[in-house]
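Reader: I am new to this structure and would love a close look at a single part of it. Could you pick one spot, stay with it for a while, and then show me how the rest fits around it?

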Amino acid sequence: MASSNNSSAGEEGSPQSRRPRHGRLKMYYGITQEEGNPEEVTSDPTDINGGNFQPQVYLSKVMKEKRLNELIDKEAEMVKQIRSLDSDMQTLVYENYNKFISATDTIRKMKTDFRRMEEEMDRLATNMDSIADFSAKISCTLQERREQISKLSGTHSLLKKLQFLFELPARLKKCIEMKAYGQAVRYYVKTRAVLEQYQHMPSFSSIHQECQSIVQELRTKLREKFRDKESNARDLAECVDLLLQLKEPPDQLCDEFLSHASQRLDEDLELMQSQIRLHLTPDLGSGSLPESEEVEADISPSERILKNLPVDILEFVDSSCNGFLSNICLVISSYKDLFIHRQSAHTGGQDQKSLEEVASDKLGEFVLVRMAQYFQSLEQRVRAEKNSVDNSMLVRALDRFYRRLETVNNLLPHLNILQRGGDIVNKCARDRVHYYFDGLKKHFAECLTDIRQILCAPKVAGKQEATDLSELLNTMQSSIVDQVRTVLMNLKSFISREVTFSHDSFFHGQFCYNIVREELVVGFLKHVFQVALDICEGSQDKSSPPAALVLILSRLFLEFEANTVNQFVSQVNEQFLIDSSRVQTSAAALCVESKEVAQKMVNHYVKIQGLQISQMLRKSVETRDWLTSIEPRNVRAVMKRVVEDVTSIDSQVGMLYEEGTRKAHSSDSSKKTFQSHSGPRKHQSTTRSFTPSTAYDTSLMSNIQKLFSERIEIFSSVEFSKVSLLTGIIKISLKTFLECVRLRTFGRYGLQQIQVDTHYLNIYLWRFVSDEKIVHVMLDEVVGSTLHRCLDPVLMEPSIVDVICERS
């Protein structure tokens, strides 16, 4: 018995008895077994949290595996968890208590409402049954008279129609007299089918003929009103609508409508042309009125003033938009409503499609012709603004034009009118950039002219200060930078956020990348480079620029390569939102080109100055009789002039370029004499060497000496330093001196004069060059060549040469 009780108690507490309640809770809270791991749910019966948990198996396993103290700890832990779960359950119940109460009240209220609704539904069913019985009684009572009533009603309706038909001519005449054309058309359209159907009957034939004559008169009056210039758009629309209801040919009405509309549009275009003529020739508006305008006595004073006074571009665009564009938008809208949309509403099938195509083609051709005339007039007026400095008014005018053009384009998108307007805006922007580009070129030419005038201006007596070339360079560079910055700021108004056409990706890319950056900034830099190259190539002209200008330009392009080019490019990239990776010409390429031009300019400057000194030396050699020269007592004046010119060039170059590096000088450079020709023993051997009986070939000895000396490049490229420039100039001058000496024949005193001159040059020129050996070697060659060309080669004593040079 006890065992049975225990077994029953075990069954009640068994997992099988708790499983249904547990399953219902899972179902209520939406928890399914699929959310867990199926393997864990079905495989382990000792998992206390699993779905197949078996307490006896779990208890047997625990008692076998764990010790007593572990079992006690496990029991304590399970008791703690049970208490925690009980606490959570109580908290959950407390928190949802109000929801339970509210749900109970709602269920109670629903029971009450449904009981009341059932009573009302029963009452409604009873009423419906009574209504059905009453309707059946009425039908039975009136069933015998229904046919008779229907016949009488039809007869009454027919009599009313016949009465309306007989009164129709009088009604039409009265409507025409009252100018109620719309009412007359409605009367006629309402009866037209009946009259045409029964026109063979005599009684209806007379009415039909009379109505036809009245309607013909009505057509005539509608066409007169249609052709009247004073008719507004609403009157035109009404006339066309009525004529279409009277079955007038749609093609003919389309042509007449567009012809009438073109008159007003032609007047707007003529007003634009008159404004263009007044702007191009302002004197026309100050005189008397033309005969054609004197005849128009009904024109208001404001319109008369507008027609005879030129207006600015913004007012011109406003008037054209409010006049021509507004009118053509009204024409398009009215035309589409009257012909295209109406045809689609009253006709069907193939006829509708063909009429719609014909009407659309006529409208498209008309709009394209008129818009082409409008664009031409607008381009003429915009072209007249090419010399204006400020862009703000022009950009505002183009923005308003583009905005209003969008309305026209929305009405007829297939014509791509907005694209044509965008082309006009793009062309105008390009013209403005070209105008500024010409201004930059003119400004650069003016800067060159100003510097040339300053350099060529005669010196005031008592003021021998040299012109500060660095100041001229800084003024020119800052002026060019400011001018470019001003131009870019003016052009930035074309891409302002408030401007509609600036949001067009095609315009933005074309304007910013191709027009502003490439054509303006890069084009201006290339123009400046080309001007400098033209100066180098045209140096033989009579109007060749002074050498100081060439020197300034060389330094300018060097500054361009270092700072200005990057400044221009970064400025245009930042202001016009240009991606440097998508540009055609990079800043690095422009810097390389600028440095190449600067190199050519310094080479050209060295060439100019070297040829100028060479010209003096050549004339001094060619115009003197060296065979009959007297014994030298002084240094020739041309040598002093050469030293003075080189000193002046050194001061000039020093204003713009750094000193540069030079090799270390020897301690006796200024006192050096030509040891190969000036020592006592050498003097005797050289004197003997030029006698016919000599055993040595001096020419051979000179050539052997040249083999062991370094080769001197005369026209090599110079560096950007003062020492390098002066070295190049002196090499060219001394080379010319040497070649001129080789073409002359000298006597004893002629040789000694060359010896004195070269020693004087050696005293002063060595300090200007990068390596003093260049001056020594070249002057040695001059004296050596003179010895070879001398009939009596006897050199002067070195001490006497020193005395003459010091005294000079």
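Author: Happy to. Let's start at Glu519, which is partly exposed, with a relative accessible area of 26%. Please keep in mind that this is a predicted model. Glu519 makes a salt bridge with Arg430, and the closest N and O atoms of the two are 2.3 Å apart. Glu519 sits in helix α19 and Arg430 in helix α17, so this pair ties together parts of the chain that are 89 residues apart in sequence. Arg430 is partly exposed too, at a relative accessible area of 21%; the cut-off for buried is under 20%.

Now step back by one residue along the chain. Glu518 has a salt bridge as well: its side chain meets that of Arg517, at 3.1 Å from N to O. Are these two buried or exposed? Glu518 has 12% relative accessibility and therefore counts as buried, and Arg517 counts as buried at 2%.

What else does this helix do? Look for the largest nonpolar core, a group of 193 residues in which Tyr374 and Phe511 have the most contacts. Helix α19, which covers residues 505-537, gives the most to this core, with 18 residues. As a general point, nonpolar side chains in soluble globular proteins tend to be buried together.

Let's follow Tyr374 into that core. Leaving out its neighbours within four places in sequence, Tyr374 is in contact with Leu269, Met272, Ser320, Cys321, Phe324, Leu325 and Phe401. One of these contacts, Cys321, is buried, with a relative accessible area of just 2%. Does a cysteine like this have a partner, and if so, which? A search of the whole structure finds zero disulfides. For Cys321, the nearest cysteine sulfur belongs to Cys329 and is 9.5 Å away, whereas a disulfide would need the two sulfur atoms within 2.5 Å. Another cysteine to find in the view is Cys428, which is buried with a relative accessible area of 5%.

The next stop is a salt bridge between Arg400 and Asp318, with the closest N and O atoms 2.5 Å apart. This pair links distant parts of the chain: Arg400 is in helix α16 (residues 392-411) and Asp318 in helix α14 (residues 313-346), 82 residues apart. Arg400 is partly exposed at a relative accessible area of 31%, and Asp318 is partly exposed at 23%.

Go back to helix α17 for a moment, the home of Arg430. This helix runs over residues 417-456 and also holds Asp450, which counts as partly exposed at 43% relative accessibility. Asp450 and Met476 are 26 residues apart in sequence, and their C-alpha atoms are 9.4 Å apart in space.

Further along the chain, try Lys722 in helix α26, which covers residues 722-742. Lys722 counts as buried at 12% relative accessibility. What does Lys722 touch, not counting residues up to four places away in sequence? The list is Asp650, Val653, Gly654, Tyr657, Glu658 and Glu659. Asp650 and Glu659 are also linked with Lys722 in a network of salt bridges.

For a contrast with the core, turn to the surface. Met110, Phe114, Met117, Met121, Leu124, Met128 and Ile131 form a nonpolar patch there, with about 730 Å² of accessible area together. Phe114 lies in helix α6, which spans residues 97-142. With 46% relative accessibility, Phe114 counts as partly exposed.

Finally, here is the whole chain, to put the close look in its setting. There are 29 helices and zero strands. Of the 808 residues, 38% are buried. The accessible surface comes to about 47,600 Å², and 53% of that belongs to carbon and sulfur atoms. Among contacts with a separation of 6 or more, 81% are between residues 24 or more positions apart. The structure holds 28 salt bridges, and the one you began with, between Glu519 and Arg430, is a good place to return to when you turn the model around.

How values were computed:
Residues are numbered from 1 along each chain as its sequence is written. This is a predicted model: local features need pLDDT of at least 70, side-chain atom pairs count only at pLDDT 80 or more; totals for chains, interfaces and linings use all residues. Side-chain values use heavy atoms; hydrogens and water are left out. A nonpolar core is a set of buried Ala, Val, Leu, Ile, Met, Phe, Trp, Tyr and Cys residues joined through side-chain atoms within 4.5 Å. Buried means under 20% relative accessible area, exposed over 50%, partly exposed in between (1.4 Å probe, protein chains only). Helices (H or I, at least four residues) and strands (E, at least two) are DSSP runs, numbered from the N terminus. Contact means heavy atoms within 4.5 Å. Patches are made of residues with over 30% relative accessible area and no salt bridge: like charges are joined within 9 Å, nonpolar side chains (Val, Leu, Ile, Met, Phe, Trp, Tyr) within 5 Å. Accessible areas come from the Shrake-Rupley method with a 1.4 Å probe; for residues, only the protein chains shown count as cover. A salt bridge is a side-chain nitrogen of Lys or Arg within 4 Å of a carboxyl oxygen of Asp or Glu.
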